[in-house]
Amino acid sequence: MKIATWNVNSAKARLPNITEWLTEAAPDVVLFQEIKCETASFPAAAFEELGYHVHAVGQKAYNGVAILSKTPITDIITRLPGEVEDEQARYVEGTIDGVRIASIYLPNGNPVGTEKYPYKLRWMERLRLHAADLLKSEQPVVLGGDYNVIPAAEDVYDPVGWREDALFRQETRLKFQEILALGYTEAFRTLHPGLVPAYSFWDYQAGAWPRNNGLRIDHFLLSPQAADRIVACEIDKGPRAKEKASDHTPVILTLA
DNA sequence: ATGGTGGGGTTCCCA
């Protein structure tokens with residue numbers, strides 16, 4: 001089972017790039033973030049033509065997530081539990097071939113001195129509580145997406161310059177570690193402990209891509225039952241080099 | 001060198 005996660009930075013603006021990549025990479029499951037459109041205007045038909053079942057959770061202009069799957073998606077939930085007043089479209093979860101799979105768009109949190117940062121931390125705590133609940137089922141669980149978390153200094157091109165950024169400051173990293181401490185495995189770094197740099201995002205500005213000034217912020221967290229089935233986890237830099245690229249590139253997890 | 005890029009929706013927000 002090949003599962004990809006990709007922050008596409010607008011499904012509509014990226015549609016040719018996305019369909020081209022899906023055709024060549026042929027993942028069984030795809031987790032999108034930042035579709036940047038309402039659910040009704042998500043280009044689902046283009047993906048259905050490629051053989052995918054589609055479930056999108058959108059909102060106007062910002063955020064938005066989706067799951068695509070070659071086999072049916074059941075028992076779908078469309079929001080992260082807790083904080084009922086939170087209307088941002090950042091979470092969708094369903095069951096595919098016995099695996100509980102979520103597409104996560106964790107809040108960015110910048111600037112740190114505003115309400116955005118406490119919102120990020122509250123969202124991470126909600127994720128931690130829900131991730132703990134998911135473990136109780138003892139089924140394979142895959143939480144994939146744009147976490148907006150740089151787990152360690154080796155995952156950012158300039159750790160000193162990024163020290164107080166919402167993606168890297170210690171409070172953010174500790175909260176991420178709390179989720180791992182429940183018993184989740186971060187697939188990429190577990191499989192490639194010495195592979196640095198290995199980035200999944202490069203800003204559009206200041207020549208970040210040609211200079212390889214990147215961040216590794218797109219992750220897969222696996223429950224023990226899913227971690228037992230890990231075959232591979234790779235970053236495909238191909239899409240970032242294309243014309244009209246997203247600022248993120250896909251990460252692909254393969255489970256037995 | 002205190003800018004730079006990009007998407008979406010409007011005269012600016014978000015990343």
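This report describes the DNA contacts, nonpolar core, aromatic contacts and backbone features of a predicted model.

**DNA strand B**

DNA strand B is surrounded by 15 residues, and the closest of these are Ser10, Arg14, Ala61, Gln205 and Lys244. Of the atoms of DNA strand B that come within 4 Å of the protein, 72% belong to sugar and phosphate. Sorted by class, the protein surface near the strand has six charged, five nonpolar and four polar residues.

Three polar side-chain contacts to the strand are set out below.

| Residue | Partner atom in DNA strand B | Distance |
|---|---|---|
| Arg14 | phosphate oxygen | 3.5 Å |
| Gln205 | base nitrogen | 3.2 Å |
| Lys244 | phosphate oxygen | 3.3 Å |

What does each side chain reach? Arg14 places a polar side-chain atom 3.5 Å from a phosphate oxygen, and Lys244 has one at 3.3 Å from a phosphate oxygen. For Gln205, the partner is a base nitrogen, at 3.2 Å.

**Ser10 and Glu34**

Ser10, one of the closest residues to DNA strand B, also has a backbone feature to note. Most residues other than glycine have a negative phi, and most peptide bonds are trans. Ser10 is not a glycine, yet its phi is positive, at about 90°. The residue is found in the loop between β1 (2-7) and α1 (15-25). Its relative accessibility is 14%, and the cut-off for buried is under 20%, so Ser10 counts as buried.

Glu34 is a second residue other than glycine with a positive phi, here near 55°. Its place is in the loop between β2 and α2 (44-48). Is Glu34 buried or exposed? At 14% relative accessibility, Glu34 counts as buried.

**Cis peptide bonds**

Two peptide bonds that lead into proline are described here. The bond from Asn110 to Pro111 is cis, and its omega is near -10°. Pro111 belongs to the loop between β7 and α3 (116-136). The bond from Val196 to Pro197 is also cis, with omega near -5°. Pro197 is found in the loop between α5 and β10 (201-202).

**Nonpolar core**

The largest nonpolar core holds 25 residues. Which of them touch the most other members? They are Ile3, Ile101, Val142, Phe220, Leu222 and Leu253. Several elements give two or more residues to this core, and most of the list can be read along the chain: β2 (29-33), β4 (65-69), β6 (91-96) and β7 (99-105), then α5 (187-191), and after that β12 (218-222), β13 (230-235) and β14 (251-255).

**Aromatic contacts**

Across the whole structure, a search finds eight aromatic pairs. One of them joins Phe42 and Phe47: the ring centres are 5.5 Å apart and the planes meet at 35°, so the pair is tilted. This follows from the cut-offs, in which stacked planes are under 30 degrees apart and edge-to-face planes over 60. Phe42 and Phe47 are both buried. Together with Phe32, Phe42 and Phe47 form one aromatic cluster.

Two rings have a charged side-chain end over them. For Tyr52, the charged end is that of Lys70, which sits 4.5 Å from the ring centre. For Phe168, the charged end is that of Arg173, at 4.3 Å from the ring centre.

Note on methods. Residues are numbered from 1 along each chain as its sequence is written. Chains are lettered from A and ligands numbered from 1 in the order in which they are written. This is a predicted model: local features need pLDDT of at least 70, side-chain atom pairs count only at pLDDT 80 or more; totals for chains, interfaces and linings use all residues. Side-chain values use heavy atoms; hydrogens and water are left out. Rings of Phe, Tyr and Trp (its six-membered ring) pair if their centres lie within 6.5 Å; planes under 30 degrees apart count as stacked, over 60 as edge-to-face and the rest as tilted. Buried means under 20% relative accessible area, exposed over 50%, partly exposed in between (1.4 Å probe, protein chains only). A charge sits over a ring if NZ of Lys or CZ of Arg is within 6 Å of the ring centre and within 35 degrees of the ring normal. A residue is near a molecule or strand if one of its heavy atoms lies within 4 Å of it. A polar contact is a pair of N or O atoms within 3.5 Å; within protein, one must be able to donate a hydrogen and the other to accept it, and residues adjacent in sequence count only if both atoms are side-chain atoms. Ala, Val, Leu, Ile, Met, Phe, Trp, Tyr, Cys and Pro count as nonpolar, Asp, Glu, Lys and Arg as charged, and the others, Gly among them, as polar. A nonpolar core is a set of buried Ala, Val, Leu, Ile, Met, Phe, Trp, Tyr and Cys residues joined through side-chain atoms within 4.5 Å. Helices (H or I, at least four residues) and strands (E, at least two) are DSSP runs, numbered from the N terminus.
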